[in-house]
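Subject: Structure for you to look at

Hello,

Here is the structure I promised to pass on. Please open it and keep it in view while you read my notes below.

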Amino acid sequence: MAAGPGAAPAGEAGSGAGGSVKRRLRVAIVGAGFGGLTAARALARAPVEVTLIDRHNYHLFQPLLYQVATAALSPADVAVPIRSILRRQKNVRVLLGQVTGVDAAARELKLGDRRIPYDVLILATGARHAYFGHDEWEAVAPALKKIEDATGIRARILLAFERAEAETDAAERRRLLTFVVIGGGPTGVEMAGAIAELAKVALAADFRRIDPRESRILLIEAGPRVLPAFPETLSAIARKDLARLGVEVRTGAPVTSCEAEGVTVGETRIPSACVIWAAGVEASPAARWLGAERDRASRIRVGPDLAVAGHPEIFAIGDTALVLDEKGEPLPGVAPVAKQQGAYVARVIAARLRGETTPSPFRYRNLGNLATIGRRAAVADFGWIRLSGRLAWVLWGVVHILFLIGFRNRIAVLLEWLWAYVTYQRSARLITGPIP
């Protein structure tokens, strides 16, 4: 069978008296996020052997991770075991492991001392938080990318209230009840709004010596406005909704110092015991593994078919790849981008196996941007129409329920949201792990 231009043809597994025995094309996928998982599932009917590798045994729905951090949901509500998702797909093998490099010449993945051979490689390794040259800030201003991040931030938030209840010094109590979120993108806006609702509604009657409603929540954004990817009108609405919740928004205010006692914004010192980072991300080290050209955020520059230059058998998708839109702007690191790229690469591989020409260059279909600010408040931008308020909030909830993987998770999240809406309570207010 012809493999098509640039493809790696299926080799021979061995030979016997009856001649050679051809094997299926080996497709290795690194990362079981939205892009990697979509690619694996899209190859279900292709004559390939898929090896899906991830350092965790679960697929994480990151858009709702902030709700784990603010005690609205439990980790199991936003994560599903990878093996259970793919248990009926017989051409997929799942491996738990940490990829440490790629030997492109030998076409092998490095997992410590192990080597995993491949014919085609899909890098969907995602991104991690970036501190813009101040990595020392990570210890005092954790970011939100993993379940461990979310449960750690949840502990920090809840411990701040517990310690304030026992604190006799007024100044220290104010510091404990001051929460700072750095970064005014969707994650920062949603996190700040969720903390405000937790403090001013869910915990309002739970303490005796303190009043959680007196908590101070600040959202710090270095740029001129929050939600910069949204139209200015929706950004203004989001800022007004945050103010209604009691969130202080400071724009045009870069953070210059971040320590255990608080942060410095410009020349202003803000004492705080709970600082959360939502200001930026950078891609995984995949570009360094290949020695590939990358941008400032370490994303691999890929071709129109999402293949790495000089390596038509290696694809990069999602947060790992730098792909430009029609205006020459990088595509955002959101789930729909990764899912569409994963499905596209699967089509490219299938076309090569059939000896067909590569599909037309990848083009992202922007289905819109959504962000929620709090109870009955959200903004939605679909290009042709812009929404805010309750309708946008309901739409945000419906979209996120549909994007969740697994019937159990959809029902669990829906029930948790209904319970929180009716009772104003949050059921996952647990302090777990070692207490700092």
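**A small set of strands**

Strand E16 and strand E17 (residues 262-265) run antiparallel, and four bridges join them. One pairing is easy to find: Cys 258 has Val 263 in E17 as its bridge partner. Before you go on, note that this is a predicted model.

These two strands belong to an open sheet of three, in the order E16-E17-E18, and the pairing is antiparallel. Which strands sit at the edges? They are strand E16 (255-259) and strand E18 (268-271), and each of them pairs on one side only. From one strand to the next, the twist averages 15°. In general, backbone hydrogen bonds are what pair the strands of a sheet, in a parallel or an antiparallel way.

**Two helices that cross**

Now turn to helix H10 (residues 390-403) and helix H11 (residues 407-423). Their axes come within 9 Å and cross at roughly 155°. Angles over 145 degrees count as roughly antiparallel, so H10 is roughly antiparallel to H11. The crossing of H10 past H11 is right-handed.

Which residues make the contact? From H10 they are Trp 393, Trp 396, Gly 397, His 400, Ile 401 and Leu 402. From H11 they are Arg 410, Val 413, Leu 414, Trp 417 and Tyr 421.

**A serine in a helix**

Ser 235 is part of helix H7 (residues 232-245). Is Ser 235 buried or exposed? Its relative accessible area is 2%, so Ser 235 is buried. A polar atom of its side chain lies 2.8 Å from the backbone oxygen of Val 226. Val 226 also appears among the contacts of Ser 235 once neighbours within four places in sequence are left aside. The others in that list are Arg 225, Leu 227 and Phe 230.

**A glycine in a loop**

Where is Gly 126? Look in the loop between strand E11 (120-123) and strand E12 (127-129). Its relative accessibility is 19%. Buried means under 20%, so Gly 126 counts as buried.

Next, look at what surrounds Gly 126. Leaving out neighbours within four places in sequence, Gly 126 is in contact with Ala 283, Ser 284, Asp 319 and Thr 320. Find Gly 33 as well. Gly 33 and Gly 126 are 93 residues apart along the chain, yet 7.4 Å separates their C-alpha atoms.

Best wishes

Conventions: Residues are numbered from 1 along each chain as its sequence is written. This is a predicted model: local features need pLDDT of at least 70, side-chain atom pairs count only at pLDDT 80 or more; totals for chains, interfaces and linings use all residues. Side-chain values use heavy atoms; hydrogens and water are left out. Buried means under 20% relative accessible area, exposed over 50%, partly exposed in between (1.4 Å probe, protein chains only). Contact means heavy atoms within 4.5 Å. Two strands pair if DSSP finds at least two bridges between them. Axes are lines fitted to C-alpha atoms, for helices over the stretch in contact, and angles run from 0 to 180 degrees between N-to-C directions. A polar contact is a pair of N or O atoms within 3.5 Å; within protein, one must be able to donate a hydrogen and the other to accept it, and residues adjacent in sequence count only if both atoms are side-chain atoms. Angles under 35 degrees count as roughly parallel, over 145 as roughly antiparallel, 65 to 115 as roughly perpendicular and the rest as oblique. A crossing is left-handed if the near helix is turned anticlockwise from the far one by less than a right angle, and right-handed if clockwise.
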